[in-house]
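The following paragraphs lead the reader through a single protein chain. They begin with its aromatic rings and then turn to other parts of the fold.

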Amino acid sequence: MILGNFSEVSEFRLLGFSEISHLHPLLFVVLLSLYILTLMANTVVALTMNGDNTLHSPMYFFLTQLSCLDICYLSVIIPNILENLMVGTIGISKARCATQMFFFLFFGVAECFLLAAMSLDRYVAICCPLHYTIVMNSRVCKSLVAGTYVCGTAVGLVHTIITFNLPFCGFAINHFFCEIQPLLDLLCGNTFPSEIQVIVVAVFAILCPFLLIIYSYSRIISTILLMSSAESQQKAFSTCSSHLLVVILFYGTASSMYLRPKYTYSASVDKFLSLSYSVVTPLLNPTIYSLRNEEVKRALRKKWRNINLVWKCNRIFALFQMVVVVFFTVNSCSVKGISR
């Protein structure tokens, strides 16, 4: 169905995975499981880092923010996917679609800049260790995090307002959420200016922080190579390896999605890439940081021991309560028997 202009479009239709409808039940179970695992993993990591006094350093402050962003980022997309898998093609209002795009861009761009801030933290820690506590103080860390949210808000607002003020000639979005490229395919007339807009936004949101990360790591590597001790080199590399792996995962999938020519776009490939950076990456982030960081693993083990201790105490208390109840029940029965 072709529509005349945007004012006539009151609702879009998300086609989702309509081409593989026979796999919907399996996909629903898999994605729901991944969603629950991701929520649990990121929540546990965030609470552990926030609650352990030994992890109150800038690096772990940024990691806590990353876990919170991953939870929010995932929650913008996954509910729509699950609904689509349950009922098939679903309708989404114009306002809800615009809101979803804004928050998708907001959390995605904020994560890009947060990863850049984390690389800056590693640069100061390795290249200027004597000034680390002075440079990366609480005020600077909070300002960097606030800056990531400001950039996310700016990109999300500008891109959403411009996109949703353009005329649409269709309403069927061949995706499982209001993604940028499938929406551009619905625009009337010449879409070249809109494609340039996407590239400009992608350059700002992806390439600018990525270049900062490249610069930081070039300085970090050159500093590490000048260290005389192999043990010092290994320790310095180990503090950066987790962050570097997360950067490769996130920027690799995001850049392959938004920094490629339009003629290479494919709906099935786009959906796969979207699942990669919106579902898989948030699950891998806490896993990578937990498994490759001894301090985090130690804090998690301590937290687990405390949980086990509380659970055992609760069991003992429940057993004691049961014994008391049984004792008083038997005693009252004995008293009644004597009185008779």
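A search of the whole structure, which is a predicted model, finds 14 aromatic pairs. One of them is formed by tyrosine 73 and phenylalanine 104, whose rings are stacked, with 5.7 Å from centre to centre and 15° between the planes. This pair links distant parts of the chain, since tyrosine 73 belongs to helix α2 (residues 58–87) and phenylalanine 104 to helix α3, 31 residues apart. Both tyrosine 73 and phenylalanine 104 are buried.

Phenylalanine 102 and phenylalanine 103 form another aromatic pair, with an edge-to-face arrangement: the ring centres are 5.0 Å apart and the planes meet at 70°. Is each of these two residues buried or partly exposed? Phenylalanine 102 has a relative accessible area of 17% and therefore counts as buried, the limit being under 20%. Phenylalanine 103, at 34%, is partly exposed, because its value lies between the limits of 20% and 50%. Phe102 and Phe103 also belong to one aromatic cluster, together with Phe106, Phe107 and Tyr149.

The wider architecture gives these details their setting. The chain has 10 helices and 3 strands, and along the sequence they follow the pattern β-α-α-β-α-α-α-β-α-α-α-α-α. Of the 340 residues of the chain, 43% count as buried. Among contacts in the chain with a separation of 6 or more, 80% are between residues 24 or more positions apart.

The interior may be considered next. In soluble globular proteins, nonpolar side chains tend to be buried together. In this model, the largest nonpolar core has 80 residues, of which Phe12, Ile81, Leu115 and Leu183 touch the most other members. Helix α3 gives the most to this core, with 19 residues. Which residues does leucine 115 touch, when those up to four places away in sequence are not counted? They are Leu66, Ile213, His243, Val246, Val247, Phe250 and Tyr251. Apart from the largest core lies another, of 6 residues, including Val109, Val155, Val201 and Ala205.

Empty space within the model can be examined as well. Rolling a probe the size of a water molecule over the atoms shows where empty space is left. The structure holds 2 cavities of 30 Å³ or more, and the second largest cavity contains about 50 Å³ of space. This cavity is lined by Asn42, Val45, Met49, Leu63, Leu66, Ser67, Asp70, Asn285, Pro286 and Tyr289. Helices α1 (24–51), α2 and α9 (267–291) each supply at least two residues of this lining, and the largest share, 4 residues, comes from α2. By class, the lining of the second largest cavity divides into 6 nonpolar, 3 polar and 1 charged residues.

One member of that cavity lining, Ser67, may be followed further. Serine 67 is found in helix α2. Its relative accessibility is 4%, so serine 67 counts as buried under the 20% limit. Leaving aside neighbours within four places in sequence, serine 67 is in contact with Asn42, Val45 and Ala46. Of these partners, Asn42 and Val45 also line the second largest cavity.

The second largest pocket offers a further region to examine. This pocket holds about 200 Å³ of space, and the residues that line it are Arg122, Ala125, Ile126, Pro129, Tyr132, Met227, Ser232, Lys235, Ala236 and Thr239. The elements that give two or more residues to the lining are α3 (94–127) and α8 (230–258). Which element gives the most to the lining of the second largest pocket? Helix α8 does, with 4 residues. The lining of this pocket has 6 nonpolar, 2 polar and 2 charged residues.

Helix α8 also contains serine 256. With a relative accessible area of 27%, serine 256 is partly exposed, because this value lies between the limits of 20% and 50%. Serine 256 and aspartate 270 are separated by 14 residues in sequence, and the distance between them in space is 9.3 Å, C-alpha to C-alpha.

Methods: Residues are numbered from 1 along each chain as its sequence is written. Side-chain values use heavy atoms; hydrogens and water are left out. On a 1 Å grid over the protein atoms alone, a cavity is a set of points where a 1.4 Å probe fits but cannot get out, and a pocket is an open set with protein on both sides within 12 Å along at least five of seven lines; lining residues have an atom within 4 Å of a point. Grid points are joined across faces, edges and corners, and a volume is the space filled by probe spheres set on the points. Ala, Val, Leu, Ile, Met, Phe, Trp, Tyr, Cys and Pro count as nonpolar, Asp, Glu, Lys and Arg as charged, and the others, Gly among them, as polar. Rings of Phe, Tyr and Trp (its six-membered ring) pair if their centres lie within 6.5 Å; planes under 30 degrees apart count as stacked, over 60 as edge-to-face and the rest as tilted. Buried means under 20% relative accessible area, exposed over 50%, partly exposed in between (1.4 Å probe, protein chains only). A nonpolar core is a set of buried Ala, Val, Leu, Ile, Met, Phe, Trp, Tyr and Cys residues joined through side-chain atoms within 4.5 Å. Contact means heavy atoms within 4.5 Å.
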